[in-house]
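Visitor: Could you take me for a close look at one part of this model, the two sheets and the helices packed around them? I would like the cut-offs along the way.

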Amino acid sequence: LFAVLLLCKSLPCAYANMDQDSFPDIPFYVFSEFISSSFSQDVSLATVLTVLFTVIENPDLFNLHARQQHPKSRDEKRQKISGWIIALAGALEEKIGLTATDTLFSVTDKKHSKKATTNLICTKLDNLSKVLGLTPYNKRGVFQRKLKPVSMKEIEAAQVICPISMECETLSCNSRALLKYTQARDLSRATLVRGTTIYANVPVLAGKCKKCDTYYYCDHERTAVKNVESKKLYLNAAPYLKVGQSIWVDRIFSGAVLNACYQFHASPSAFTEFWNASFWADQRNLSNRISRRQIWQSFVQESIRRIAQCAKVDLYMPNKLKINHVPGQAFELLGEKGKIRSAMEHTCSECVHEYKHQADFIDEIDAAGLVGIDDNRNVPEFTGTREDTDVNVNEIQEDNSMEIDHAPVSMVVMDGIVMGHKYCAYHKCTEDLANYRDGVFCKNHEEIRHNLSKTYCVETLCAPCGVVIAWDKFKTSESPTNIMNFLDRIYPEKFSRPSYICIDKACMVLRYAFRSRRWDIWKDTTRLIVDSYHYINHRTSDWLCRTFCNPAPLNGSAPNLIRVEQDVNGQEHYKRAFNTQACEQLNAWLGGFESILSKMTAGNFNWFLHTMLFLHSEKVIERQVEKQRNPQYFQMNAAEEGGDEEEEPIGEEGEGEEEDMDMVEEEDEDGDEDNED
């Protein structure tokens with residue numbers, strides 16, 4: 001038996017606390033007496049706790065300090081107050097401030113100099129570490145063992161999930177107190193994730209108003225009216241969110257999910273693997289792994305509250321709504337048909353300029369010349385055919401006839417990116433699939449077999465600074481008809497329309513709008529221009545584009561599209577006033593989500609994309625506000641990165657010209673078969 005015990009003792013064993021020391025286990029009166037005798041009677045609880053945790057959470061420093069107090073070699077000197085603890089005392093003084101530092105001294109302490117004050121604090125910290133038993137040496141100065149980080153498990157607070165309302169908020173109830181609805185025998189327990197820490201068996205409590213029968217939970221409220229469908233109010237200020245049958249998360253966790261999706265183009269699956277590998281692995285005894293569905297619900301629940309809070313609305317949805325239908329319903333109620341609320345009233349120096357009646361100077365150069373391209377070369381000649389027969393030039397107004405009353409000049413940029421979700425493959429049916437895992441048809445066409453269809457593209461409308469104004473899905477093509485329908489929906493009123501709309505196929509849209517008489521609605525307020533890259537490919541063959549869609553005429557004929565700057569020699573030259581590549585830059589970022597979005601249902605697709613564009617707009621707006629506060633910082637960063645953010649890459653003339661024009665014409669024909677008005 002003795003041999004077996006020796007063998008067992010020699011076997012390697014794993015302990016949960018092998019890398020941590022337990023929390024100091026001393027009687028409270030010992031700690032209390034030390035505080036009373038060492039500190040002022042006016043010392044605050046916050047100061048005492050700060051000192052306590054300063055000692056507890058710096059075991060490595062106290063190892064170094066204690067080693068200098070116990071020399072081994074002949075040439076070593078015993079240091080009662082080492083440089084290590086002097087540094088810790090300095091950090092503590094800086095942390096608590098001068099007023100709180102004064103309360104660390106008793107009436108008998110002598111503070112005749114700065115050095116004496118610091119030495120007193122060092123002595124108190126050293127004494128406290130010995131009272132707590134946080135020293136590698138025993139009382140006889142014999143080395144015992146190196147200090148390890150102290151476990152805080154024994155002093156963790158008891159967690160409870162309960163309603164955040166302290167009284168009934170129904171007006172007719174006159175602020176009645178809430179009764180605890182959850183009975184002791186029915187008390188449910190859940191796993192709570194706070195940041196990166198998991199808490200098991202946390203009680204979940206609910207409240208109820210006895211008068212109006214409204215039920216109050218931590219993340220929502222539920223009404224109970226006879227003969228009326230029960231509604232759930234999603235609380236924007238909820239500290240915890242329910243994301244599974246028995247799992248809750250705090251807003252730090254759910255916010256991290258949102259930020260990871262936005263910053264890293266991370267899918268819910270990728271974030272699940274990351275979190276489990278990074279944080280769950282060391283706490284696996286407390287809960288099961290976090291699942292992909294729970295991460296997705298964290299995304300949905302957090303984004304609903306983030307967008308509802310921005311819109312300053314309270315979101316109500318049916319209480320028994322299936323969890324899979326929540327994103328689709330949220331988009332119906334908060335998505336505003338693709339409009340980004342935070343961008344609606346946005347203006348900044350990059351997307352709005354003061355009106356200029358005429359250019360600073362006029363060059364004797366072809367009006368088709370483009371700023372930044374033709375400054376030092378001849379403008380390429382037109383080689384196509386004029387289309388006087390069906391486009392009356394006189395009816396397409398010039399810039400100076402726009403009814404803008406000298407208001408500030410604004411621009412929006414519009415473009416599409418080929419991406420989308422699956423929909424029914426039956427001819428001319430665009431209903432959602434009955435089965436998104438392996439189905440190809442909606443419920444009505446499931447018996448037919450055909451190839452799977454996908455939404456053609458996502459169309460975005462943004463300001464030159466990058467703020468996303470709105471978005472939409474084009475199911476079959478990016479045709480001029482679809483583009484005009486989108487613009488009509490976003491800008492139904494004259495006063496809201498921008499001065500310029502930049503589209504890569506603006507010449508096609510202008511031609512279609514003129515022929516269909518839709519231009520009559522827009523011509524008084526807005527001009528259509530082509531972005532700089534596509535303009536140099538169109539201008540030699542498309543007469544309408546060459547004449548009316550130049551994004552920055554070099555001769556100064558459109559003074560509100562250019563601005564004057566001076567080079568290093570003081571020579572004045574024109575520069576483009578707006579960044580016409582804003583949507584191209586947005587699409588380059590948006591394309592990173594294509595692999596995630598392509599596998600989603602229509603409802604999840606709409607909500608995920610809307611959330612990402614909402615977050616993107618908020619980030620850009622924050623950056624613009626900070627840029628106005630600290631312009632020197634941003635100018636310095638721009639110089640270090642080697643360029644002006646308004647400049648965009650320009651392709652060589654004629655590069656991709658044939659392919660670009662052919663593609664546009666083909667899409668126009670496909671998209672406008674039934675819209676030849």
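Guide: Happily, and let us begin with a term: contact, or touching, means heavy atoms within 4.5 Å. With that in hand, Trp589 touches Tyr262, His265, Met612, Leu613 and His616, leaving aside residues up to four places away in sequence. This is a predicted model, in which local features need pLDDT of at least 70 and side-chain atom pairs count only at pLDDT 80 or more, while totals for chains, interfaces and linings use all residues. Residues are numbered from 1 along each chain as its sequence is written, and side-chain values use heavy atoms, with hydrogens and water left out.

Now the setting. The chain holds 20 helices and 20 strands; these are DSSP runs numbered from the N terminus, with helices being H or I of at least four residues and strands E of at least two. Of the 677 residues in the chain, 48% are buried. Here buried means under 20% relative accessible area, exposed means over 50%, and partly exposed is in between, with a 1.4 Å probe and protein chains only. Among the contacts in the chain with a separation of 6 or more, 70% come from residues 24 or more positions apart.

Here is one sheet. It is open, has 4 strands in the order β3-β2-β9-β8, and its pairing is mixed; two strands pair if DSSP finds at least two bridges between them. The edges belong to β3 (197-204) and β8 (240-244), each with a single partner strand, so one side of each has no neighbour in the sheet. From one strand to the next, the twist averages 35°. Angles like this run from 0 to 180 degrees between N-to-C directions, and axes are lines fitted to C-alpha atoms, for helices over the stretch in contact. Further in, β2 (residues 188-194) and β9 (residues 247-250) run parallel and are joined by 3 bridges, and Leu192 has Trp248 in β9 as its bridge partner.

Two helices lie across this sheet. Helix α9 (residues 292-311) crosses β8 and β9, running at about 145° to β8. Helix α7 (residues 251-264) lies across β2, β8 and β9, at about 80° to β9.

Let us stay with α7. Its 14 residues should span 20 Å at 1.5 Å a residue, and its end C-alpha atoms are 19 Å apart, which agrees; the expected span is 1.5 Å times one less than the number of residues. Its buried residues are Phe253, Ser254, Gly255, Val257, Leu258, Ala260, Cys261 and Tyr262. Just after the helix, His265 takes a positive phi of about 55°.

Both Tyr262 and His265 bring us back to Trp589, since they are among the residues that Trp589 touches. Trp589 sits in helix α16 (residues 582-590), and its 17% relative accessibility is why Trp589 counts as buried. Although Trp589 and His265 are 324 residues apart in sequence, their C-alpha atoms are 8.9 Å apart in space.

Next comes the other sheet. It too is open, with 6 strands in the order β1-β4-β5-β6-β7-β10 and antiparallel pairing. Its edge strands are β1 (179-180) and β10 (315-318); each has a single partner strand, so one side of each is left without a neighbour in the sheet. At the β1 edge, 2 bridges join β1 to β4 (residues 207-208) in the antiparallel sense, with Lys180 and Gly207 as bridge partners. Helix α10 (residues 326-334) packs on this sheet, touching β7 (231-234) and β10, and its direction makes about 135° with that of β10.

Those two strands deserve a moment. β7 and β10 run antiparallel and are joined by 4 bridges, with Tyr234 standing opposite Leu315 in β10. β7 also pairs with β6 (residues 220-222), antiparallel over 3 bridges, where Glu221 has Leu233 of β7 as its bridge partner.

One last stop is a loop. Ser516 lies between α12 (506-515) and α13 (519-522), and at 12% relative accessibility Ser516 counts as buried. Its side chain reaches the backbone oxygen of Tyr512 at 2.8 Å and that of Ala513 at 3.4 Å. Such a polar contact is a pair of N or O atoms within 3.5 Å; within protein, one must be able to donate a hydrogen and the other to accept it, and residues adjacent in sequence count only if both atoms are side-chain atoms.
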